[in-house]
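Let's take a look at this structure together. Have the sequence and the 3D view open as you read.

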Amino acid sequence: MNHMMEGTNRRDFLLRLLKGGLTITAACTLSYWLYDGIGPHPGEKQVAKVTLPDFSMPSLRGKMSIVSGLDRVKTINRGLEALGGIETFVKQGDRVLLKVNAAFATPPLLSATTNPQLVGEIARLCYKAGASEVIVTDNPINDPASCFSLTGIEEAAQLAGAKVLLPRQSYFQPTTVTNGVLIRNWPILWEPFQKINRVIGIAPVKDHHRSGASMTMKNWYGLLGGSRNVFHQDIHNIIKELAIMVKPTLVVLDGTTTMITNGPTGGSLGDLKKTGTMIVSTDQVAADAFGATLLGRKPTELPYLAKAEAAGVGTADYESLKPIRIDST
Amino acid sequence: MKIVTVRRISQIFFLLLLIWFCTVTTLGVEWWRLRGWPVNWLLQLDPLVAVATMLSTNSLYKGLLWALVTVTLTILLGRFFCSWVCPFGAIHHFVGYLAKRGKAVSAKIALNKYHPGQSIKYYLLIFLLTAAAGSLLSSLLRVVPEKPILFSIGVVICLTGFALLSLLRVVTDAKKALATLLFLLALWVGLGLLLPTSSLVAASLQTGLLDPIPLIHRSINLILIPLAERISPIQRYYSGSWFIAVIFLTAVLLNLKVPRFYCRFVCPLGALFGVLSAFSLWRIGVVETSSECSHCHLCDVDCEGACQPAEKIRISECVLCMNCLEGCPHNLVGYRTTISETGEVALPDLSRRGFLVSFLSGAVVIPVVRLGGLVGPNWKSSVIRPPGALAEPDFLSRCLKCGQCMRICPTNIIHPAGLESGLEGLWSPVLNFRIGTSGCQLNCTACSHICPTAAIRPISLEEKLGKGQFSQVGPIRLGTAFVDRGRCLPWAMDRPCIVCQENCPVSPKAIFTREYFSTVREGKFTLVKVAGQRLELADSTLEPGELATGDYFVMTTKNGRQRRWRILENTKNTITLADSIAPNEAPDLDSYLSVQVRLQQPYVDPKLCIGCGICEHECPVSGKRAIRVTAENESRSPGRSMLLPRGT
């Protein structure tokens, strides 16, 4: 006992005092450092971090060609040639993004998605014109992997040497459309746009119960992330804002086969009609206005066309662009 | 190379093989996807799966024939599966080794002493197999009232056989034996007359709860891979998976207490091997009489099965880890065709009482559980089974709860059930359309082809979609979507929407809409001026642009005739219409006009709805969805049909 008292006395006491002091200091420092006198904020708001650049070419505004024929490879080539060839739009070393419509996991025969042959051909042409990279992307409605594989888009793109980017959570960044009311701090599929300087939208012509028709402008819906389905409450304005948000180099509207009924999913060959038309345009409003006629609708029946026109995106009066009409058959 | 080294290589190989199989169980075209990899192979090698499904279905589903290989090898070699193949065993082996490290030799020897509790696994096996044999037992009972002649012949044969055996003096205590025989016959008659019509007596496959192969598949598929996976672009979720994790971790951590706790005390597959290995040709044993044996018990130090090789070795407990061969300093332990010089206990240590208790409780448990009526009138419409799933009683007699379908599902909508499908249905696959990336994909039949026991029977795309030869039957329906009009935006809140209709994948769409013009709240305005397309209002209460969505209309009344005009734009007190109003149609000034919103209200056509759940997944009312699928009208249960039959 005595021995222990002696042994632990001063030296041990000082050592313990030092350890205790250090622990108390550490606790005090930590408390001071982490001290929060206000309490938490009511939740962080997403702040717009990115803005899509303008991918259009000012010198090529208002160009449009309408090619009739059933062979997509032929019609797209003729359509592009009429506007000066793919080389007009894609230059040596360009990095091209193809925004396809891969919304549903259905086979290409049902025309609910962008035709894979068309994607492959455009990707091939881009590379031919000297593109250094071609990326194909979409944020589909059905399961993304199933969509890209079942629609044949993945295979066609890869065969042409293009890279397919499936959406991932980390690929989305919030954006705000200038003067936009709906797209404010809203996540969009941003990652595929990195280092891209050309954007080509490729969409089929489809019936759409809510908006009237789904074509090249509605196709940009597939860039939205988050709980985007709420936008259906104001479908025409969201399509308008999407058209403001994306200024593509070119849009290709595939009216080879048109989904006349049961859109935008279709599901049966009976929903389709051969309309044998390929539209290539630098004006997405004009392309869609013409596309409406393939559905047997007047452009005035689609309010989003007038809205986009009023916002300066393009013109719904496609005839004013004097489209070059070609019969490829 | 030492034999234990070979064993370790084998264990690592099969564990890696399992992880590889679980990893590649995804759809896609890359080589590391499901491209013909035999991902069910380990489940098919598992004889408990084969035996239990044979009892519960009176059939052996194709791939399960592999179990014959395991059974044959076990009869030849003993419980080799436990120490050489079983990946769960390998995990226990390794964790047990870590836990034992640093302990004194005597402590290790004490840990590996045989414990009478090791019999528990045999009782569990009997319990589970009896539950699986429910319909077999039921048909045995039904013989009494339905085939009395057959039954009488059976009784006569029994009694004659008994008489013969007594005469030949095979049966020694004839009186007692006769009493037992008569009691059993009376029990048979009694139960046969009482129970035969009861649908409660049925087969229920519950071996998968504890069978290590389904258990490890389930744990890897639903816990480990979703936690670690980087190849999947989207985080996969599994509802209620914490419980599976708790079972897995408990089983693994019990090794800290006793090495291979699960294998020794719980594992019903191990028990089955224990029974089979009683007749094995090769076995572990002491090679020479014990003159040289110093009873050092070094052979017990790393004995995985706690079978006590130096004493009367318990063959049914021996997992062939071969550690005793290495452990004996005098090389007295061998693996050969003759039995141990020190004698052996070939059969598991089972009491008649224990056997009866587990048999009877196994026979009774399913009827008791089914009293809840979940397989009958009290079925839960929230339980939606994958496409191709059999009718509930047949489904429960086959489902292993292995989680293969949940892993393969590309949309991550197949989830392990909690108790919603009853105690029996724990961890069986149910669909959840909130979790996941979509509903059940129209052109996908992956789950039906991966199911190792055909609880989800393999279906062709033609059959799923009701095309070709199946066009008469129509597509496979998982249930029916119901619109909740109290939550649906166009029904309850004057908001246009119809995302559900848009995404309905069948043609023609099962969701259709009816147009309805609803006068908006405080939507009556006094008209001041009409100028072509422009209407001027008395009040300045409008928010500029609020009616400019293309969905708003003005309704005017002129001489009793009503007309609607689409609104293009609005300011605080003016409304611009899409068309001009002709002077003869212009409403009177100072009259009221109503602002209406055009709504497309969704309806479901039950004749077309397949219950794929895409509408539910896409519904923007993101909490409790405004359109939800429940199992009514599902194809697999004709009794749950909602519609009038319209046959030809």
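## One helix, two sides

On one side of α11(B), Lys175(B), Lys176(B), Phe183(B) and Leu194(B) are exposed (over 50% relative accessible area, with a 1.4 Å probe and protein chains only; buried is under 20%, partly exposed in between). On the other side sit the buried residues Leu181(B), Leu185(B) and Gly192(B). Seen down the helix axis, these buried residues fall within an arc of 35° (taken from the directions from the axis to the C-beta atoms), so they line one face. They pack against α9 (134-146) and α10 (148-167) of chain B, where contact means heavy atoms within 4.5 Å.

Helix α11 covers residues 174-194 of chain B. Helices here are DSSP runs (H or I, at least four residues), and strands are too (E, at least two), numbered from the N terminus.

## Where this comes from

This is a predicted model: local features need pLDDT of at least 70 and side-chain atom pairs pLDDT 80 or more, while totals for chains, interfaces and linings use all residues. Residues count from 1 along each chain as written, chains are lettered from A and ligands numbered from 1 in written order, and side-chain values use heavy atoms, without hydrogens and water.

## Charges over rings

Now for chain B's arginines: Arg514(B) lies over the face of Tyr603(B), 4.3 Å from the ring centre, and Arg563(B) does likewise with Trp565(B), at 3.9 Å. To count, NZ of Lys or CZ of Arg must be within 6 Å of the ring centre and within 35 degrees of the ring normal.

Note on methods. The expected span of a helix is 1.5 Å times one less than its number of residues.
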